[in-house]
Amino acid sequence: MGEMLRISNVTKEFGKLRALDNISFVVQEGELVGLIGPNGAGKTTLFNVITGFYRPTSGRVYLKGRDVTNCSPD
């Protein structure tokens, strides 16, 4: 099994608000992963960066080894 998703040093800022700060992790093919945290922790922001609805301020998103950071959601 290979690497399915890699989040590499992702930061997302909205003006002076830093919603995500240098997030990195890898999800292997076949893995089940949960993301938990309190309200306002950045879970939805991270999901929106991964899916392409938001562009990260810095960092990269890879899907099956392909850089999809600047791809549209579709």
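The largest pocket of this predicted model holds about 220 Å³ of space. Its lining is made up of Leu5, Phe25, Val27, Val33, Gly34, Leu35, Lys43, Leu46, Phe47 and Ile50. Sorted by class, these lining residues comprise 8 nonpolar, 1 polar and 1 charged. Two elements, strand S2 (17-28) and helix H1 (43-51), each supply at least two residues of the lining. Of these, H1 provides the largest share, with 4 residues.

The strands come next. An open sheet of 4 strands is found, in the order S2-S1-S3-S4, and the pairing is antiparallel. S2 and strand S4 (66-67) each have a single partner strand and stand at the edges, so one side of each is left without a neighbour in the sheet. In general terms, strands of a sheet pair through backbone hydrogen bonds, in either a parallel or an antiparallel manner.

Within this sheet, strand S1 (residues 3-14) and strand S3 (residues 58-63) run antiparallel and are joined by 5 bridges. Two contacts help to place the register for anyone following along in the viewer: Ser8 stands opposite Arg60 in S3, and Thr11 has Ser58 of S3 as its bridge partner. S3 is joined in turn to S4 by 2 bridges, again with the strands running antiparallel. Here Leu63 stands opposite Arg66 in S4.

S3 and S4 form a hairpin with 2 residues between the strands, and in this hairpin Lys64 takes a positive phi near 50°. Lys64 lies in the loop between S3 and S4. Its relative accessible area is 62%, and because the cut-off for exposed is over 50%, Lys64 counts as exposed. A second backbone feature of this kind belongs to Asn9, a residue other than glycine whose phi is positive, near 55°. Asn9, unlike a loop residue, is found in strand S1. With a relative accessible area of 39%, Asn9 is partly exposed. As background to both cases, most residues other than glycine have a negative phi.

Turning to charged side chains, the count of salt bridges comes to 4. One of them joins the side chains of Arg6 and Glu3, with an N to O distance of 2.5 Å. Both partners sit in the intermediate range of accessibility: Arg6 is partly exposed at 33%, and Glu3 is likewise partly exposed at 30%.

Another salt bridge links Arg18 with Glu13, where the closest N and O atoms are 2.5 Å apart. Arg18 is partly exposed, with 46% relative accessibility, while Glu13 is partly exposed at 27%.

A further salt bridge is formed by Asp67 with Arg60, whose closest N and O atoms lie 2.8 Å apart. Arg60 is the residue that Ser8 stands opposite, so the side chain and the strand pairing can be inspected together. Asp67 is partly exposed, with a relative accessible area of 32%, and Arg60 is partly exposed as well, at 30%. Salt bridges that share partners also join Glu13, Arg18 and Asp21 into one network.Finally, the structure holds 1 aromatic pair. Phe14 and Tyr54 form this pair with an edge-to-face arrangement, the ring centres being 5.4 Å apart and the planes at 75° to each other. The pair links distant parts of the chain, with Phe14 in strand S1 and Tyr54 in the loop between H1 and S3, 40 residues apart. Phe14 counts as partly exposed at 36% relative accessibility. Tyr54 is also partly exposed, with a relative accessible area of 29%.

Technical notes
Residues numbered from 1 in each chain as written. Predicted model: local features only at pLDDT ≥ 70, side-chain atom pairs only at ≥ 80, totals over all residues. Heavy atoms only, no water. 1 Å grid on protein atoms, 1.4 Å probe; cavity = no way out; pocket = protein on both sides within 12 Å on 5 of 7 lines; lining within 4 Å. Points joined across faces, edges and corners; volume = space filled by probe spheres on them. Nonpolar A, V, L, I, M, F, W, Y, C, P; charged D, E, K, R; others polar. Pairing = 2+ DSSP bridges. Buried < 20%, exposed > 50% of the residue type's maximum accessible area, 1.4 Å probe, protein only. Phe/Tyr/Trp six-rings, centres within 6.5 Å; stacked < 30°, edge-to-face > 60°.
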